[in-house]
Amino acid sequence: MQEWVTPEALGELDRRIYDLAIQPMPLAEIAVRLGVPVGQADERIQHVCRRLGVDGRAGLRAIAVLPASLVSTQVRNGSEDEYVIGAETGEPGRRPPKHTRRVVLAGGIATLAIAGGAAAVAVARRGSSGGRDPGASESGTAAPAGSATPADFGSLPIRREGGLGETYGTATWVNGAPIDWPHGLFSLSLKAGQVSGLRFLETEPRAEGASGFVLYETGPGGTLVWAQHGSGRGYLADPLILQSSWSWPLESLRLVAGGGEAPNRTLVFEELMERRGTGRFHIFALRPGSPLESGPTGAFQLPASGFGLPSLLSRDATRLAIWSGTDSTDPQLHLIDLVRGAIVQSSQKIEPHGGVTARPLRLDRLDGGFDGFLGRWQYPGAEPLPFGQLFNWDGAWAEDGMSRVQELDWTTAYSRDGLRRVSEATLKYVPMQGVDSAREYWTAVSSFGSGQADPEWSMLSASIGYSDGTPANPWLADGSGFVAMVRGPEPEGDASDAYEYAIISADGRTVTRIPLPAVPGESVPWFRRNAMRSPSPCPFDANLIAFGRLQVYIRRTGQWLGANVATPDGPDHLDPWASGPGDMVFALPHGGHGGASPPILLNLKRVSGAPPASFRFVVARTGDGLNVRAGPSRGTSVLALLRDGDVVELATDLKFEEGLRSAQQRRDATWLFIRTPAGTSGWVSAAYLDWA
C-alpha cells in the first residue's frame with residue numbers, strides 16, 4: 001500500500017499549480033499565469049496529480065470537493081485504476097458521497113495576485129459587475145469553523161473573524177475593465193494584465209464621523225494584508241489561508257510590521273495605552289501548523305515611543321529596524337532579530353542640535369547589493385535640517401566611511417547598492433503669500449559618490465522631488481540610472497503640462513526619455529497632471545517602472561500596462577512594489593494628493609560639480625525670432641525681437657506679486673521675465689530658451 005500527500009501538504013509551487021488546475025480555465029491560461037510554456041505547465045500539473053494519486057485535472061477537481069479527513073487517507077487498492085478514498089471507514093472500495101458544502105479553494109498562493117503573482121480563485125457565489133471576469137467574481141462562501149484549539153493569542157486583545165464572504169471578499173477584473181470597488185487592495189498582473197482585488201467587508205458599524213476603511217497595507221512578499229476600519233479596529237488577512245481573518249482594537253494594539261516569504265511569515269505587534277506606544281512588542285512567527293492563535297513566539301522591550309515611529313522589515317522578515325523616542329527624548333534606532341526575539345544592536349542616541357530634539361522621519365530599504373537601509377531624521381524648526389546614515393541588516397552598522405552621519409536633502413535617494421546618491425537642489429524658490437501651488441521654483445539634480453560631501457556633477461532642469469505622498473526611490477534596480485521629471489513638448493491647449501520623464505544614466509551623460517501613457521479615461525483628471533504620475537522604479541527589476549501607482553512601463557518591450565480606476569481621486573499612497581516584482585499593488589480609497597505644481601524646467605544641461613547660481617539663457621529654435629512682450633501673454637504688445645544665439649538673464653517684474661515676478665506657468669506657455677544685454681526687459685516663452 002502506498003500513501004499519497006494531501007493538497008494541504010503540497011509545497012508552495014505545487015500548491016499554486018493545484019489551485020490553478022482545479023479552476024475551469026484552459027491549459028494555455030494556466031501557463032500564462034505560471035509564466036511557463038504550455039508543455040511545462042502540463043508537466044507540472046501531471047506531477048501534482050502523481051503526488052496526490054489522481055489522474056488528470058478531473059481527478060484534482062474530484063478531491064477538491066471532498067472533506068480533508070477523507071482525502072488524507074487516500075490509498076491505491078488492488079487494480080491499477082481503482083482508488084479507495086476513506087479506506088479507514090471499514091468499507092473498502094466504497095466511494096463516499098461528495099461533501100454537501102462547497103469548500104473555499106483558497107489555500108495557496110494562487111488565491112490572490114497580491115500573494116505572489118497568481119490570479120484570484122473563483123469560488124462559490126457568482127455575480128457580475130462592470131468589466132469583471134465572469135469566471136472570477138467576488139467570492140462569498142462561508143469559511144470553515146477553524147481550529148478547535150482555544151484562541152488566546154497570548155492574552156493579547158486579538159480575536160478571530162470570519163473568512164471569505166464574511167469579513168472579506170475577492171474579485172478579478174479583466175484587462176482594462178473599470179475597477180468599481182470603492183476600497184480595497186489590488187494587484188495588477190504584469191503577465192496577464194488583469195487586476196485581482198481583496199477587500200474587507202464591514203462587520204461592525206463605523207464610529208461616528210469615521211470614513212470606513214482608510215488604510216490598506218501589505219508587507220514584504222505580499223503574503224499579509226491589513227486594514228484600518230472606522231469601527232476602531234484593525235483587520236488582518238493571510239491570503240494563503242482565506243478561511244479566517246483576525247482583528248484587534250486600535251487603541252490598545254498596533255501592527256508594527258508583517259510579511260515574509262510563504263509559507264513562513266512574521267508579525268510584530270506593539271501594546272498601546274490609549275493609542276500611545278508602551279515599548280512592549282510581541283512577535284508572531286506564522287509557520288505551517290502554527291497559526292496566529294498559537295500565541296507569540298517571542299517578545300522584546302524598547303523605551304516607550306509615545307506614538308508609532310517608523311519601522312522597516314527586512315525582505316525575509318527575520319530582522320526589524322525600529323525607532324524609539326518621543327518629542328522630548330532623543331531618538332534611538334534598534335535592530336531586532338525576530339527569530340530569536342533579541343535586540344541585535346542599538347545605535348547611539350541622536351543628540352539634540354541647537355537645543356532641538358531630533359525627530360525620526362523614515363527608513364528606506366536598500367537591497368540591491370548593499371543589503372541595508374537608510375535611516376533619516378530631522379530637527380524641527382523654521383528651517384528643519386534632515387540628516388541620514390546607512391545601516392546594515394547583518395547586525396553591524398555600515399563601515400568603510402558610509403556609517404558617518406550626513407546632512408541630506410529631503411529628496412536624497414541612494415542607489416540600491418549604496419554606492420551613489422542623488423539629491424534635488426533648489427536653485428530658486430519664491431512662493432506666493434498664502435498660495436500653496438503658485439510659485440517660482442527652479443531645480444537641478446546633483447549626483448554624489450559614496451561618502452562625498454560635494455556633488456560630482458549636476459543636471460539643470462531635472463526634478464526627483466515630485467512624488468505624491470509616497471517618497472519613491474528614483475534609482476533603477478541595477479544602479480545604471482535614475483528616473484527624473486524633465487521638460488517635454490508643450491501639449492496643445494495646455495502648455496503648463498509640458499513635462500515628461502527620462503532615465504538619466506549614473507554618470508549623467510545619457511538621457512533616455514520615457515513615452516507617457518495614454519490617460520486611462522476622462523474620469524481620472526488627477527492623472528493628467530504629470531506631477532501626479534509619480535514614477536517608482538521596481539527595486540527588483542530594472543525593466544519595470546510604475547507611474548502614479550496605476551501604470552507600469554516595461555522598458556524591455558516598451559509596453560504599458562495599467563489599471564482602470566473609476567474614481568476621480570486616484571489610488572492611495574502605497575508602495576507599488578510591496579509584494580514583489582511580478583505584480584504592481586495599489587489601494588483605494590485615496591488619502592489626498594501630496595506635492596504641488598512642477599518646477600520651471602528648460603532643456604536639460606549637465607554641469608560639473610554643483611549647479612551654478614546664475615540664471616543665464618540662450619535663445620534657440622525660434623526660426624523668425626522670439627518676441628519679447630510687455631506681459632506674460634501672447635495678447636500683449638511686442639517690445640523687442642531676439643534671434644537664436646542671443647544671451648539673456650532672468651529679471652524681476654515688480655508689477656506682480658512675489659512668486660510671479662520672474663516666471664509664470666500658464667496654459668498658453670511658461671513665461672519668463674528676462675533682460676537683454678541692451679537693457680530691454682520683458683516676457684518670453686520658456687520653450688525657446690536653453691541654459692547658457
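The dialogue below works through burial, salt bridges, a sheet and the nonpolar cores of a predicted model.

Trainee: Why is C49 called buried?

Mentor: The relative accessibility of C49 is 1%, and buried means under 20%, so C49 counts as buried. C538 is judged in the same way: its relative accessible area is 0%, and therefore C538 is buried too.

Trainee: How many disulfides does a search of the whole structure find?

Mentor: The search finds 0 disulfides, a disulfide being a pair of cysteine sulfur atoms within 2.5 Å.

Trainee: What makes D238 and R265 a salt bridge?

Mentor: The closest N and O atoms of D238 and R265 are 2.1 Å apart, and the rule asks for a side-chain nitrogen of Lys or Arg within 4 Å of a carboxyl oxygen of Asp or Glu, so the pair qualifies as a salt bridge. D238 lies in the loop between β10 and β11, while R265 belongs to strand β13, so the pair ties together parts that are 27 residues apart in sequence.

Trainee: Are D238 and R265 buried or exposed?

Mentor: D238 has a relative accessibility of 1% and counts as buried, and R265, at 5%, counts as buried as well.

Trainee: Why does the pair of E649 and R675 count as a salt bridge, and what makes E649 partly exposed?

Mentor: The closest N and O atoms of E649 and R675 are 3.8 Å apart, and the cut-off is 4 Å, so the pair counts as a salt bridge. E649 has a relative accessible area of 36% and R675 one of 32%; partly exposed covers the range between 20% and 50%, so both residues are placed in that class.

Trainee: How do you know that β28 and β30 are edge strands?

Mentor: The open sheet of 3 strands has the order β28-β29-β30, with antiparallel pairing, and β28 and β30 are its edge strands, since each pairs on one side only. Strand β29 is joined to β30 by 4 bridges, and pairing requires at least two, so β29 and β30 count as paired. Within β30, the bridge partner of I503 is T512.

Trainee: Which residues touch the most other members of the largest nonpolar core?

Mentor: That core has 22 residues, and those touching the most other members are W173, F186, V195, V552, W577 and F586. The largest share, 3 residues, comes from β36. V195, for its part, touches residues including W173, F186 and F586.

Conventions
Residues numbered from 1 in each chain as written. Predicted model: local features only at pLDDT ≥ 70, side-chain atom pairs only at ≥ 80, totals over all residues. Heavy atoms only, no water. Core = buried A, V, L, I, M, F, W, Y, C linked by side-chain atoms within 4.5 Å. Buried < 20%, exposed > 50% of the residue type's maximum accessible area, 1.4 Å probe, protein only. Helix = DSSP H or I, 4+ residues; strand = E, 2+ residues; numbered from the N terminus. Contact = heavy atoms within 4.5 Å. Lists of a residue's contacts leave out its neighbours within four places in sequence.
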